[in-house]
Amino acid sequence: MGIVDDLTSELQTARSERQWYEADWQEYVTYTAPDMERAFNRPGGVTAPDGMSALRHSAARDRSRKLYDPTAVWLLDRLASGVGSLTMPEGFHWHGVGFADPFAPEPAQADEEFFERVRNHLFRVRYSGRSGFALANRSRLLSTVKLGTGVLFPIENEDNLADIRTPVHYRYVPLYEIYLIVDAQGNDCGFFRVRMLTSWQAVKEYGGNVSEKVKEEADDPKRKNTEHAFVHACFLREGGHPQASDIGQSRYESLHFEEESKHICRRGGFFEYPLVISRWDRDGLSPYGSPPQAKLMSDIKSLQSLARDSLIASSQAVRPPIATHAQERQLDLNPGRTNPGLIDEQGRPLFRPMIDTVNPGAADAQIEAIREKLRIGLYGDLWQTLLQGNGRTATEANIRRKEMADMIGPFSTNIMAGNDALFEREIGILGRRGAFVPGSPLSPPESVLDSDVTLTSTAPIDQMREAGHFEAIMGFQEYLSIAAGADPSILDLHDREEEYDLTRRALGLPAKLKRRPEEVEALRAERAARQGRQQQLAAGESLARMAKDGAPLLKSLGEQGGIDGLA
């Protein structure tokens, strides 16, 4: 029990350190993301007393109890959709594979084709129907944009080791369940995950390796839905190393236990860091990220307050409070109804509105000014400008795309940085299943065997950056054609094959479009041989034509004695 006691103490420390973040998350959900984590939607936040509040209050009302203007909500929804389409769009190969060494030579044709086979297989695994990647990754992006941090958990399919279509299951981890741990350099090195499982769920999850109390409750139909807290702790193992082949010597140790009874339910490890963590922006070495609306919360709260006051003013203008005569009278304010006895003998009404100077539109200018600030701060104006880009020239459209890449680029880089852990985890799982052994369809060439490979981003936002290279190449070709007209020798300085490779990579075209060197040499040799045969044939035809055209002339000269005279 010693290790469980130590882990419980560390978990309490992680909980106390995260209280400041939880207060911020509560505000983000309350004012900007009512559709996010349910634990943050309750008045008590993470420490809500029970789950019966939904029976006493409307869940929808609680989720939007302080929302009077939805501008920030739909701006964040649009931002999440836009960032997803720019970084990890479905149906698009948003990354490639390459050498990890920055000083490695350019990959050969065989290397590029191998990298593309691995990439295509990874995307087939992720987007298969049973992997769960699409939904889990979408939730991760929403959490990253709306709360600042998103967590994805790739779990190895240990139930069926022969299933090559789904070797990995992808699961989204809600932010309120996870407690992240970083080292002195800010690198992720461990975590605690606290889940509430019912008794029957726990028995199924851990194969019956739970405490006797949980087993008894699972067998009792009346108590099987009793919830218990289960902790999954992952931390660096003492003596573990990345190249270990035994799970007992893996780099990370994993432990599942019941928080109440401290019963150990499962013990194992991970060869790679198991979580894929993306952060929108990061404050120093904080384990959690900061969302885009963090610096705009004062404006968002002011907008809600103004929208609420404007709603109240509109209600007072339409149905103001009424002052009546000393004698209490019941007023019927429905259209066309008669209220007898509510005027005196002179025809003056015995009631009047208590507030008659209400201006419902007084705050409209302030509300619109704050909305405009939010459109700028949450990039809404950028998306709108792109949508309204009809009639622009190609140059203007490219400039606008480059501007979007420059603005969203730094934050998209933070999101894509988490995918390095995803790639490492997936490659590790596939490697342990024999995907790269000799004879396998994914068997690597010899040039890759002793090299480290990594993920190379080829998302649409990266292609926007690369578009500048392609435009520069096209402009240089125009210059080269003009310069060659004056001095053809300048073409000797230009490497057309290198230009082809740069253009193909800038446009993100597959390596299969390029023939292998031996195929190119064979084509060139065949072309040279064909040109030689054509030249020989042309020379033979020329000689035959000369002989045919010269025969009548020789005959004529012979008949006239011209040949003897010449002799």
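The questions and answers below deal with the fold, the aromatic contacts and the backbone of one predicted model.

Reader: What conventions apply to this model, and from which number are residues counted?
Author: The model is predicted, and local features need pLDDT of at least 70, side-chain atom pairs count only at pLDDT 80 or more, while totals for chains, interfaces and linings use all residues. Side-chain values use heavy atoms, with hydrogens and water left out, and residues along each chain, as its sequence is written, are numbered from 1.

Reader: How many helices and strands are there in the protein, and what percentage of its residues count as buried?
Author: Helices (H or I, at least four residues) and strands (E, at least two) are DSSP runs numbered from the N terminus, and the protein has 19 helices and 14 strands. Buried is taken as under 20% relative accessible area, exposed as over 50%, and partly exposed as in between, with a 1.4 Å probe and protein chains only. Of the 567 residues, the share that counts as buried is 39%.

Reader: In what order do the strands of the open sheet of 3 strands lie, and which are its edge strands?
Author: Two strands pair if DSSP finds at least two bridges between them, and in this open sheet the pairing is antiparallel, with the order 3-2-9. Each edge strand pairs on one side only, and these are strand 3 (168-172) and strand 9 (276-279).

Reader: Which helix packs on that sheet, and what angle does its direction make with that of strand 2?
Author: Contact means heavy atoms within 4.5 Å, and axes are lines fitted to C-alpha atoms, for helices over the stretch in contact, with angles from 0 to 180 degrees between N-to-C directions. Helix 14 (residues 419-432) touches strand 2, strand 3 and strand 9, and its direction makes with that of strand 2 an angle of about 0 degrees.

Reader: How many residues of strand 1 are buried, and which residue in strand 14 does Gly-98 stand opposite?
Author: Strand 1 (residues 95-99) is mostly covered, with 5 of its 5 residues buried. It is joined by 5 bridges to strand 14 (residues 453-457), and the two run antiparallel. Within strand 14, the residue opposite Gly-98 is Thr-454.

Reader: What geometry does the aromatic pair of Tyr-127 and Phe-133 have, and which residues form one aromatic cluster?
Author: Rings of Phe, Tyr and Trp (its six-membered ring) pair if their centres lie within 6.5 Å, and planes under 30 degrees apart count as stacked, over 60 as edge-to-face and the rest as tilted. Tyr-127 and Phe-133 are edge-to-face, at 5.4 Å centre to centre with 80 degrees between the planes. Phe-133 is buried at 1% relative accessible area, whereas Tyr-127 is partly exposed at 27%. The cluster consists of Trp-94, Phe-123, Tyr-127, Phe-133 and Tyr-170.

Reader: Over which ring does the charged end of Arg-126 sit, and how far from its centre?
Author: A charge sits over a ring if NZ of Lys or CZ of Arg is within 6 Å of the ring centre and within 35 degrees of the ring normal. For Arg-126 the ring is that of Phe-123, and the distance from its centre is 4.9 Å.

Reader: Is Tyr-379, which has a positive phi, buried or exposed?
Author: Most residues other than glycine have a negative phi. Tyr-379 is not a glycine, yet its phi is about 65 degrees, and it is found in the loop between helix 11 (364-377) and helix 12 (380-387). With a relative accessible area of 10%, Tyr-379 is buried.
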